[in-house]
Amino acid sequence: MPSPSRRLLLCAALCAAAFAHAAPAATWPTKPVTIVVPYPAGGSADAMVRPIAEKLARLWGQPVVVDNRTGANGIIATQLVMRAEPDGHTVLLHLTGFIQNASLYRKLPYDPFSDLAPVTQLGTQPMGLAVGNASPYTSVGALLAGLKSGTTPPSYGSFGAGSTGHIFGELLKASAGVDLPHVPYRGEGPMLIDLISGRVTTGFVSSATAAARHKDRSLRILAVTGPHRLASLPEVPTLTESGLPGYELVGWYGLFLPKGAPAAVVQKIAADARSVIGQSDIAARLRELEIEPTGTTPVEFARLLRADHARWDALIKKFRIELE
């Protein structure tokens with residue numbers, strides 16, 4: 001049995017360790033926090049993170065700056081955060097492409113599972129399978145039948161090579177059993193122009209675009225990805241309901257920190273972000289963008305990343321999609 005003096009020393013050491021672990025969270029942040037977004041200002045990622053950043057700034061008593069760093073499928077922004085001081089003052093907001101890139105590129109300049117620390121998933125967002133409103137197709141079944149019969153010159157558009165819409169489009173092509181050429185665009189905006197005009201037969205659009213364009217009748221949404229129908233489009237079935245398996249996956253938004261960030265700071269940012277997206281005005285804003293608020297612990301988010309990567313990796317390898 002340890003002597004009284006040894007017990008006191010042991011107790012002091014444990015208390016010091018506990019204080020050292022908690023201290024970063026108690027004093028953090030000590031300066032402005034930057035959230036790096038790998039997509040342009042005005043896009044859905046930018047629109048969803050800015051009100052969250054404003055709330056976090058009030059909560060933390062420090063400015064929270066949104067820094068849009070586009071390019072290379074999110075790799076530029078990811079590298080910027082990966083190389084930042086791991087003190088919690090530089091945060092990465094990323095989408096599903098974060099783990100898709102691990103399968104799309106032969107060699108990434110970082111390991112998404114070890115070079116960054118997952119903090120929390122903020123929300124999920126499905127996609128909609130769309131045709132122009134002048135299209136003769138009114139259901140997924142009719143679209144597939146038309147593609148097989150050659151009634152319409154087949155093509156599908158996507159936000160760009162390697163995007164979720166590209167992966168889903170290849171799955172549609174395999175389901176239809178037809179040669180369905182892929183037309184990649186530089187973002188959703190240019191694709192919408194050709195989709196609305198009928199220059200491309202079909203394509204996957206973000207759920208926010210799906211809801212808005214279906215209601216203004218510039219697009220017809222035949223079905224949505226994910227396990228559930230959109231609350232804003234209850235009449236539109238899921239692709240699973242339409243007889244096409246494999247579309248249960250949804251996109252997500254999440255926060256990451258550089259590897260080595262103090263565990264207490266990781267936990268604090270995760271808890272505070274969950275608190276913010278749970279507030280009624282922020283939750284309502286996210287749902288306006290067709291993003292379903294989630295909020296996870298770091299452990300839950302890490303587990304989700306691994307599971308999602310396995311499913312996306314299987315599809316990317318099956319369709320031999322590769323980026324340089």
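This report describes the fold of one protein chain, moving from the overall picture to its strands, helices and two loop residues.

## Overall picture

The structure is a predicted model. The protein chain contains 11 helices and 11 strands. Its C-alpha atoms fill a box of roughly 90 × 40 × 35 Å, taken along the principal axes. Of the 324 residues in the protein chain, 52% are buried. Among contacts with a separation of 6 or more, 75% are between residues 24 or more positions apart.

## Strand β3 and its partners

Strand β3 covers residues 90-95, and 6 of its 6 residues are buried, so this strand is largely enclosed by the rest of the structure. In a regular strand the side chains alternate between the two faces of the sheet. In β3, Thr90, Leu92 and His94 point one way, while Val91, Leu93 and Leu95 point the other way. The residues on both sides are buried.

Two neighbouring strands pair with β3. Strand β1 (residues 33-37) runs parallel to β3 and is joined to it by 3 bridges. Within this pairing, Val36 stands opposite Leu92. Strand β10 (residues 251-258) runs antiparallel to β3, and 4 bridges join the two. Here His94 of β3 stands opposite Gly254 of β10.

## A mostly covered helix

Helix α3 (residues 75-82) is mostly covered, with 6 of its 8 residues buried. These buried residues are Ile75, Ala77, Thr78, Gln79, Val81 and Met82. The elements that cover them include the strands β1, β3 and β10, together with helix α4 (97-104) and strand β4 (116-125).

## The open sheet

A set of 5 strands forms an open sheet in the order β7-β6-β8-β5-β9, with mixed pairing. Strands β7 (182-184) and β9 stand at the edges and have a single partner strand each, so one side of each is left without a neighbour in the sheet. From one strand to the next, the twist averages 35 degrees.

At one edge, β6 (residues 156-158) and β7 run parallel and are joined by 3 bridges. Tyr156 stands opposite His182 of β7. Helix α6 (residues 164-176) packs on the sheet and touches β5 (127-132), β6, β7 and β8 (202-206). The direction of α6 makes about 160 degrees with that of β6. Helix α8 (residues 207-215) lies across β5, β8 and β9. The angle between α8 and β8 is about 110 degrees.

## Two packed helices

Two packed helices are described by the angle between their axes and the distance between the axes. The axes of helix α2 (residues 44-60) and helix α9 (residues 263-277) come within 10 Å and cross at roughly 120 degrees. The two helices are therefore oblique to each other. Their crossing is right-handed. On the α2 side, the contact is made by Ile52, Lys55, Leu56, Leu59 and Trp60. On the α9 side, Lys268, Ile269, Asp272, Ala273, Val276 and Ile277 take part. The residues of this contact divide into 8 nonpolar, no polar and 3 charged.

The angles given for these helices are set out below.

| Helix | Set against | Angle |
|---|---|---|
| α2 (residues 44-60) | helix α9 (residues 263-277) | roughly 120 degrees |
| α6 (residues 164-176) | strand β6 | about 160 degrees |
| α8 (residues 207-215) | strand β8 | about 110 degrees |

## Two loop residues

Pro63 is found in the loop between α2 and β2 (64-68). Its relative accessible area is 46%, and Pro63 is partly exposed. Partly exposed residues fall between the limit for buried, under 20%, and the limit for exposed, over 50%. Pro63 and Lys31 are 32 residues apart in sequence, and their C-alpha atoms are 7.8 Å apart in space. Not counting residues up to four places away in sequence, Pro63 touches Pro32, Val33 and Ala57.

Thr238 lies in the loop between β9 (219-224) and β10. Its relative accessibility is 3%, so Thr238 counts as buried. Leaving aside neighbours within four places in sequence, Thr238 is in contact with Ala223, Val224, Gly226, Pro227, His228 and Arg229.

Methods
Residues are numbered from 1 along each chain as its sequence is written. This is a predicted model: local features need pLDDT of at least 70, side-chain atom pairs count only at pLDDT 80 or more; totals for chains, interfaces and linings use all residues. Side-chain values use heavy atoms; hydrogens and water are left out. Buried means under 20% relative accessible area, exposed over 50%, partly exposed in between (1.4 Å probe, protein chains only). Two strands pair if DSSP finds at least two bridges between them. Axes are lines fitted to C-alpha atoms, for helices over the stretch in contact, and angles run from 0 to 180 degrees between N-to-C directions. Angles under 35 degrees count as roughly parallel, over 145 as roughly antiparallel, 65 to 115 as roughly perpendicular and the rest as oblique. A crossing is left-handed if the near helix is turned anticlockwise from the far one by less than a right angle, and right-handed if clockwise. Contact means heavy atoms within 4.5 Å. Ala, Val, Leu, Ile, Met, Phe, Trp, Tyr, Cys and Pro count as nonpolar, Asp, Glu, Lys and Arg as charged, and the others, Gly among them, as polar.
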